[in-house]
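I opened the model to look up how its helices and strands are put together. My notes follow in the order I took them.

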Amino acid sequence: MKLSKFKFNLPPELIALHPAKNRDESRLMVVHRDTGEIEHRIFKEILDYYGKGDVFIFNNTRVFPARLYGNKEKTGARIEVFLLRELNEDLRLWDVLVDPARKIRIGNKLYFGEDDSMVAEVIDNTTSRGRTLRFLYDGNHDEFKKALYALGETPLPKYIDRPVEPEDEERYQNIFATEEGAVVAPAAGLHFSRELMKRLEIKDCLFAFLTLHSGLGNFREIDVEDLTKHKMDSEQMFVNADVVEAVNKAKDEGHQICAVGTSVMRAIETAVSTDGHLKEFEGWTNKGIFPPYDFSVATSMVTNFHLPLSTLLMMTASFGGYELIMDAYETALKEKYRFGAYGDAMLIL
């Protein structure tokens, strides 16, 4: 499968810059793999497709305020620092991206906050843009994290081309997000409101929660035409015994298993055993999924409308079938569906 097969013309005005007024009232395109039928619904009508014993698998990762702006010592040059992950709690070491990267060298100090209250020193250049920073802070770890996050802002994707607003802190986060560690929100879950989840519970649907800390690799440009040569970034994930038990029971009893989002699909396809059942997992995954691919666990999938040439689109096309999904995207463009993390949703049955 070639990269160029996932190219399409996305008018900028179809990229959603703000979420729908209510989480569960964005549009929902329903794609039926068996018949090729496409329906146009409202997201909360997803209730019509599920019933007793069906399981929704969610990603409960929590996005932290990863984007900071600081100034370089002496020159005062403005530097954007994007926190990726904490490397060492005691030493206050963080893996970060800096922009512009060419201005930052080992030994440089960066100052953050109106009164330069937070200082970091560059101690390693790991990649062309990546760095390791050591934050200089006297308090305990909890105080440090609180102070650091107070300086950060919600890390909206760059394609949402506007300043961060107060509502983003809540809306670029799933309502069930508990496990801090993501810099990218699992967008398919953003459509689930408390009311909708209550109504699904009343229908005796079941919820299972795994954790995959979504990283910036979701937005990294692919620079090879042959997709088998593309190396995915690694992401940390956890699948515990509760998820395994709920999903395997549903599978054995013939119920629907809905993967809510591409991150969930990546996680369950990483943690599947040879007999098609889920197993417990704690570690890292760099699994890439593109057509053709045989899925083992999920019978349906909720996902957003993704940008051209993205690994997220490739996974969606793998699950729905390349021709059908690209036809559905053509329909979405004609019908002016909204694309991206704050956009509309697709249900593949």
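Before judging helix pairs I fixed the terms: an angle of 65 to 115 degrees counts as roughly perpendicular, and angles under 35 count as roughly parallel, over 145 as roughly antiparallel, the rest as oblique. The model is a predicted one.

**Entry 1: helix 5 and helix 6**

I began with helix 5 (residues 262–270) and helix 6. Their axes lie 10 Å apart and the packing angle is about 65°. Helix 5 and helix 6 are therefore roughly perpendicular to each other. I noted the handedness of this crossing as left-handed. Which residues meet here? From helix 5 I listed Thr262, Met265 and Arg266; from helix 6, Leu312, Met315, Thr316 and Phe319. By class, the residues of this contact of helix 5 with helix 6 are 4 nonpolar, 2 polar and 1 charged.

**Entry 2: helix 6 and helix 7**

Next I took helix 6 (residues 311–320) with helix 7 (residues 322–334). The two axes come within 6 Å and cross at roughly 120°. That angle makes helix 6 oblique to helix 7. The crossing is right-handed. On the helix 6 side I found Leu313, Thr316, Ala317 and Gly320 in the contact; helix 7 brings Tyr322, Leu324, Ile325, Met326 and Tyr329. I sorted the residues of the contact of helix 6 with helix 7 into 7 nonpolar and 2 polar, with no charged ones. Thr316 of helix 6 is listed in the contact with helix 5 and also in the contact with helix 7.

**Entry 3: the open sheet**

I then traced the open sheet. It has 9 strands in the order 2-1-17-16-14-3-12-13-15, and the pairing is mixed. Which strands are at the edges? They are strand 2 (38–42) and strand 15 (281–285), each of which pairs on one side only. Between neighbouring strands of this sheet I noted an average turn of 25°, direction ignored.

At one end of the order I checked a pair in detail. Strand 1 (residues 27–31) is antiparallel to strand 2, with 5 bridges between them. Arg27 has Ile42 of strand 2 opposite.

Two helices went into my notes as packing on this sheet. Helix 3 (residues 194–202) touches strand 3 (55–59) and strand 12 (206–212), and its direction makes about 130° with that of strand 12. Helix 6 touches strand 16 (300–304) and strand 17 (345–348), and its direction makes about 150° with that of strand 16.

**Entry 4: the barrel**

I moved on to the barrel. How many strands close it? I counted 6, in the order 5-6-7-10-9-8, with antiparallel pairing. The twist from one strand to the next averages 45°.

I followed some of its pairs. Strand 5 (residues 67–72) runs antiparallel to strand 6 (residues 78–88), joined by 5 bridges. Gly70 has Ile79 of strand 6 as its bridge partner.

Strand 8 (residues 109–112) and strand 9 (residues 118–125) are antiparallel and share 4 bridges. They form a hairpin with 5 residues between them, and Gly113 in the turn has a positive phi of about 90°. Tyr111 stands opposite Val119 of strand 9.

Strand 9 is also joined to strand 10 (residues 130–136), antiparallel, by 6 bridges. There I met Val119 again: its bridge partner in strand 10 is Leu136. So I closed the page with Val119 of strand 9 placed opposite Tyr111 and bridged to Leu136 of strand 10.

Technical notes. Residues numbered from 1 in each chain as written. Predicted model: local features only at pLDDT ≥ 70, side-chain atom pairs only at ≥ 80, totals over all residues. Heavy atoms only, no water. Axes fitted to C-alpha atoms, helices over the stretch in contact; angles between N-to-C directions. Left-handed = near helix turned anticlockwise from the far one by under 90°. Contact = heavy atoms within 4.5 Å. Nonpolar A, V, L, I, M, F, W, Y, C, P; charged D, E, K, R; others polar. Pairing = 2+ DSSP bridges.
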